[in-house]
Amino acid sequence: MAIYLLQLLAWSVFIAALLLWPAGTLAFPGAWVVIAFFVFGGLAMILWLSKRSPRLLRERMASPLQRDQKPWDRVWLTFFVLAFLGWLYFMGWDAARMGFRAVPPWLQVLGGLGMAVNMLGTWWTFRENAFAAPVVKIQKDQKVIDTGPYAVVRHPMYASALFFLIGMPLLLGSWFGIAFSVVFILGVAWRAVHEERALSAELSGYQAYAARVRYRLIPYVW
């Protein structure tokens, strides 16, 4: 588990640098709250999964580019990760440019709550699905999961990510960051559609599951 903790430390320091460097100051409360979410959320995931599902922990901490991954997903995930890192840098700069006062405090608190909802949604997903890999691939012995959040939407982790993608720019205080959230949400929706094509073609029972659970991300909407 030590290697996972070192990975978390390195990632947290990198995220902190991406937010604080362009801001040009350490007096950036929203950034420190975001960093705390990454640190404590990651630590909680590592400790919990190390006991409940070591296999899933290995998957979540593995490289975002894997041998069995669908080729189109390698391309998608590469662009997504690079865009995400650029987004963080931009939001640090944008919040500082506006004196960290562009977004009212109550909306920043709402953004923090959105990030907390994302963490809870991710935990619920991991609790139900030991096959929740970060890449699109069909795993050995993989089966359709239709309990917990999967009884509500077909992609609960993506659904909870919507709260993260909207909540983080609000918490950081970047209106332009919110504008870019739309692009990320559309990208997640695109991936969900293409992931379902792979699951329908290769995972037994998925087509019947998709017929039972009608919505991908948002109940009664899509």
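Rings of Phe, Tyr and Trp (for Trp, its six-membered ring) are paired if their centres lie within 6.5 Å; planes under 30 degrees apart count as stacked, those over 60 as edge-to-face, and the rest as tilted. One aromatic cluster of this structure is formed by F38, W76, F80, F84, W87, F164 and F184.

The model is predicted, with local features requiring pLDDT of at least 70 and side-chain atom pairs counted only at pLDDT 80 or more, while totals for chains, interfaces and linings use all residues. Residues are numbered from 1 along each chain as its sequence is written, and side-chain values use heavy atoms, with hydrogens and water left out.

**Aromatic pairs**

By the ring rule, the count comes to 16 aromatic pairs. W72 and W190 form an edge-to-face pair, with 5.7 Å from centre to centre and 80 degrees between the planes. Because W72 lies in helix α4 (residues 71-97) and W190 in helix α7 (residues 175-202), the pair ties together parts that are 118 residues apart in sequence. Helices here (H or I, at least four residues), like strands (E, at least two), are DSSP runs numbered from the N terminus. Burial is classed by relative accessible area: buried means under 20%, exposed over 50%, and partly exposed in between (1.4 Å probe, protein chains only). W72 is partly exposed at 25%, and W190 is partly exposed at 39%.

**Salt bridges**

A salt bridge is a side-chain nitrogen of Lys or Arg within 4 Å of a carboxyl oxygen of Asp or Glu. Side chains of opposite charge can pair when their charged atoms come close. A search of the whole structure finds 9 salt bridges, among them the three tabulated here.

| Salt bridge | Closest N to O distance |
|---|---|
| K137 and E59 | 3.2 Å |
| R67 and D68 | 3.7 Å |
| R127 and E128 | 3.2 Å |

Where do the partners K137 and E59 lie? K137 belongs to the loop between α5 and α6 and E59 to helix α3 (residues 54-61), so their salt bridge ties together parts that are 78 residues apart in sequence. Both K137 and E59 are buried. In the pair of R67 and D68, R67 is exposed, with a relative accessible area of 75%, whereas D68 counts as partly exposed at 49%. R127, the partner of E128, is partly exposed at 38% relative accessibility. Salt bridges that share partners also join R154, E196 and R216 into one network.

**Nonpolar surface patch**

M1, L5, F40, L43 and L47 make a nonpolar surface patch of about 450 Å². Patches are made of residues with over 30% relative accessible area and no salt bridge; like charges are joined within 9 Å, and nonpolar side chains (Val, Leu, Ile, Met, Phe, Trp, Tyr) within 5 Å. Accessible areas come from the Shrake-Rupley method with a 1.4 Å probe, and for residues only the protein chains shown count as cover. Helix α2 (residues 29-52) gives the most to this patch, with 3 residues. L5 lies in helix α1 (residues 2-23) and counts as partly exposed at 33% relative accessibility.

Helix α2 also holds V34, which is buried, with a relative accessible area of 0%. The C-alpha atoms of V34 and P169 are separated by 9.7 Å, although these residues are 135 residues apart along the chain.

**Second largest pocket**

On a 1 Å grid over the protein atoms alone, a pocket is an open set of points with protein on both sides within 12 Å along at least five of seven lines, whereas a cavity is a set of points where a 1.4 Å probe fits but cannot get out; lining residues have an atom within 4 Å of a point. The second largest pocket has a volume of about 210 Å³, that is, the space filled by probe spheres set on points joined across faces, edges and corners. Its lining comprises 13 residues, of which W124, V153, P156, A159 and S160 lie nearest the centre of the pocket. Helices α5 (105-128) and α6 (156-172) each supply at least two lining residues, and the largest share, 5 residues, comes from α6.

**Positive phi values**

Most residues other than glycine have a negative phi. D141, which is not a glycine, has a positive phi of about 65 degrees. D141 is found in the loop between α5 and α6 and is exposed, with a relative accessible area of 60%. Y220 has a positive phi near 70 degrees. Y220 is found in the segment after α8 (206-212) and is exposed, with a relative accessible area of 74%.
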